[in-house]
Structures are given as C-alpha cells and as structure tokens.
Amino acid sequence: TLFVQSHVPEHAELQWLLNAVTPIGELERMTQFKDKSQRLESVPVGLLTYPVLMAADILLYHADLVPVGEDQVQHLELSRVIARRWNAKFSPGYVAPEGEGAVEVEGFFPEPKPLLTPTRRIMGLDGRAKMSKSLGNTIGLVENPADVWEKLRPAVTDPARVRKTDPGTPEICNIYHLHK
C-alpha cells in the first residue's frame, strides 16, 4: 500500500508523543545525525528528531518486522528502545525484557525486528554515497521518463567495464542493483 504520509496526521501526532519519552542523548548518538550535522553551520531540530518520526512511522502500525537496509538498523533499534520506554511508562504490567531468554510481556507497541533486505544498501546514482534526497543522487518514484533518463545517463555503472566491448560484471554495477 502506498500513501502520502502527510495525509495521515497520526504520524506527526505520534512523533510528538514519542518525543516526550525520547532522551536527546539517544538522538545525538545517531550516526546519520552526526554525519549530516557536521556539514551544517546551523543544525535544524528536524534533523535531530527525524529518527523519532521514523519510529512513529513504524510503531503507528504495530509492525513486528520491518524490511530495512543495513544502514537503517540503528534507526530501527531506536524504534525498539522508544517502544520499550513507552511500554514501561504507559502499559500496565509491562516488564522490559532483559538478556537472552527473557519473556516479553505484551506492551502497547511491539518491538519491531529488522528484516534485512537482499540489497543491504542502495547506493545513489553517483555510486559513492548511499541514496539520499539531501545529496541529490536519487530517482523519484513519480518522475517522468525524460527526467529519469537524464539522471541515469551520467550515473556510475560497472567500474570494470571501460569500453563497450569489455565483459561486464553486473554484481558490482550500482545500476544493476537498482534495477534488481
């Protein structure tokens, strides 16, 4: 199911509530926040709290498994921490699981587990950095074919194939992974 997230006000409402139980230190330790904030002179609050919005996106639907790439596992772990904290505070009788073999007691939010996708990291069209709107190396889902072609034309492909006559190695070609 595809939908426009901004048409579902509960996403923002849940983010607001989850912000109330999420310590700022947890957000400042997020790798993507540290990487992106170093490039900015003034860091917007939205960059800091974006992982809480991601947690709201997941927890709102009571997801058990979430398909993610390896670079998103940290965000999913934060979602688990936030769910655990929420459940401890607002779910009567909830006992947080501790260590191996712990018994999970039902809380309001399940603690979602990662389902790693076969393509662990989707690289951007430049082939050097992960796909990111802020880096401008993406293809939008509803872009018209002419714009897609303009973005694909200079995209990094198989680095081992210098000439058309050279044999290809699709497994190292970024465009092949995007197509796959």
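**Asparagine 144 and serine 79**

Visitor: Asparagine 144 is found in the loop between which two elements?
Guide: Asparagine 144 sits in a loop of this predicted model, where local features need pLDDT of at least 70, side-chain atom pairs count only at pLDDT 80 or more, and totals for chains, interfaces and linings use all residues. Residues are numbered from 1 along each chain as its sequence is written, and side-chain values use heavy atoms, without hydrogens or water. The loop runs between two DSSP elements (helices, H or I, at least four residues; strands, E, at least two; numbered from the N terminus). They are strand E2 (113-116) and helix H6 (145-152).

Visitor: Why does asparagine 144 count as partly exposed?
Guide: Buried means under 20% relative accessible area, exposed over 50%, partly exposed in between (1.4 Å probe, protein chains only). Asparagine 144 is partly exposed because its relative accessibility is 38%.

Visitor: Which backbone nitrogen lies 2.9 Å from a polar atom of the asparagine 144 side chain?
Guide: The side chain of asparagine 144 reaches the backbone nitrogen of alanine 146 at 3.1 Å. At 2.9 Å, a polar atom of that side chain meets the backbone nitrogen of aspartate 147.

Visitor: Is serine 79 buried or exposed?
Guide: Serine 79 is found in helix H5. Its relative accessible area is 0%, so serine 79 is buried.

Visitor: Which residues does serine 79 touch, not counting residues up to four places away in sequence?
Guide: Contact means heavy atoms within 4.5 Å. Leaving out residues up to four places away in sequence, serine 79 in helix H5 touches Met54, Ala55, Ile58, Leu59 and Pro112.

Definitions and conventions: A polar contact is a pair of N or O atoms within 3.5 Å; within protein, one must be able to donate a hydrogen and the other to accept it, and residues adjacent in sequence count only if both atoms are side-chain atoms.
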